[in-house]
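I sat down with this entry to look up one helix pair and one sheet. My notes follow in the order I made them.

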Amino acid sequence: MTDSDEIHIVERDDVTPHRPASHTESSQYETLYGNNFPRDLEFQQVVWEAEMAIATGGRPELSVKGTSGCYFVKDRNAKIIGVFKPKDEEPYGKLNPKWTKWMHKLCCPCCFGRSCLVPNQGYLSEAGASLVDRKLQLNIVPNTKVVKLASDTFNYNAIDRAKSRTKHSIMTKVPAVGKKFHRLGLPPKTGSFQLFVTGYKDADFWLRKFDSEDLPVSTATKLQHLFERLVVLDYIIRNTDRGNDNWLIKYEPASTPKGEDKEVQEGEWSLVENPDISIAAIDNGLAFPFKHPDEWRAYPYHWAWLPQAKVPFSEEIKELVLPQLSDMNFVQDLCDDLYDLFKTDKGFDRRTFTKQMGVMRGQILNLTQALKDNKSPVQLVQMPVVTVERTKEGRVRTDSDQYTQSFSHRAPFFSWC
């Protein structure tokens, strides 16, 4: 069991660039809580559908897995369309509906939480990972954004529920007074909303099968390229919780082309399509640390023990990300986009965010060098960790911008967990 929600979200369609919506299109899906995404109409439509389903009696379903409040959100046809993780129901949130983390805090306070992470910002980490995924065109993270939703299913305190009942009672008995209320129902909760995808299984399930069943060369090559995208994502955001149970693989066995119902006869193997494979990186809520792990645990990348990690990075991944990561303007654009996202949190602290970006820049520096030196993922994680801080923080850039590198000399007590 990890600190994050082990939600097995799976299969999604190929990612296509988001089409900006016109004012007319966007207004068709005006949401109840201001969840407007004019540059991503498809996502806004899903959120709107979720709000309409809740408003007409639909109830999000609390996941039995994980250690926090994590809800499967459905549409009006009771089909799951998203996963919502409220900020105040995160593992160490005050309204976490599950008792495991409460017991952890009570019985083992010295090991409570992850000292390298900002508390209760998992929802921003989820959305931030999706942002990095889109910027680098990795296309392995289901689209995730910060939204607001309200439902009886969510965990509210007694006061909020009492207020909601009282307002509804007044509205029923004295409509003239009830109409003056700003809001009748429960207050909306802020959290991450990730599009739900179907058809995948834990990476661990398929990786064990692949150990005993050889994949066709083309399929194995594609898996290697997708694995490298996962490595790039996790290393840049310094994911502290990537096990083989929270990234997913979809494997579709070889089949004849559509319309071919007859058995493949000898000499007709050219008609058989190669197996298709894809991955989805979920549970990204424990990333973007403000310092490298340096106390009890190292939080290693568990994919580093896989055989795929011993293969040097391919030309495919180099061509995809190296030009951008080598460009300091691109890196600063990425930091600025993350700033726009993270600053929406009420507890946002500029100095802490600066440290988070220092860690991320250091990760990007190491990754860039590893790609240029033809290293493998396992060699990448063995490189000394570094922090790169910008001398002058802010959105204004000049040709004289300077960066300072510093290496971490303190190692965690346990390096294997």
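Which residues in α9 meet which residues in α11? I kept in mind that the model is predicted.

**Entry 1, the helix pair.** I listed the contact from both sides. From α9 I noted Ile-317, Lys-318, Val-321, Leu-322 and Leu-325. In α11 they meet Ile-364, Leu-367, Thr-368, Leu-371 and Lys-372. I then sorted the residues of this contact by type and got seven nonpolar, one polar and two charged.

**Entry 2, the geometry of the pair.** I looked up the extents: α9 covers residues 315-325 and α11 covers residues 350-372. The two helices pack at an angle of about 135°, and their axes are 10 Å apart. I wrote α9 down as oblique to α11, because the angle is neither over 145 degrees nor within 65 to 115. The crossing of α9 past α11 is left-handed.

**Entry 3, the sheet.** I traced an open sheet of five strands and recorded the order β1-β2-β3-β5-β4, with antiparallel pairing. Its edge strands are β1 (61-62) and β4 (144-149), each of which pairs on one side only.

**Entry 4, the β1 edge.** I checked how β1 is joined to β2, which spans residues 71-74. Two bridges link these strands, and they run antiparallel. Opposite Glu-61 I found Phe-72 of β2.

**Entry 5, a helix on the sheet.** I asked which strands α4 touches. This helix, residues 122-135, packs on the sheet and touches β3 (80-86), β4 and β5 (189-195). I noted that the direction of α4 makes about 145° with that of β4.

Terms used:
Residues are numbered from 1 along each chain as its sequence is written. This is a predicted model: local features need pLDDT of at least 70, side-chain atom pairs count only at pLDDT 80 or more; totals for chains, interfaces and linings use all residues. Side-chain values use heavy atoms; hydrogens and water are left out. Two strands pair if DSSP finds at least two bridges between them. Contact means heavy atoms within 4.5 Å. Axes are lines fitted to C-alpha atoms, for helices over the stretch in contact, and angles run from 0 to 180 degrees between N-to-C directions. Angles under 35 degrees count as roughly parallel, over 145 as roughly antiparallel, 65 to 115 as roughly perpendicular and the rest as oblique. A crossing is left-handed if the near helix is turned anticlockwise from the far one by less than a right angle, and right-handed if clockwise. Ala, Val, Leu, Ile, Met, Phe, Trp, Tyr, Cys and Pro count as nonpolar, Asp, Glu, Lys and Arg as charged, and the others, Gly among them, as polar.
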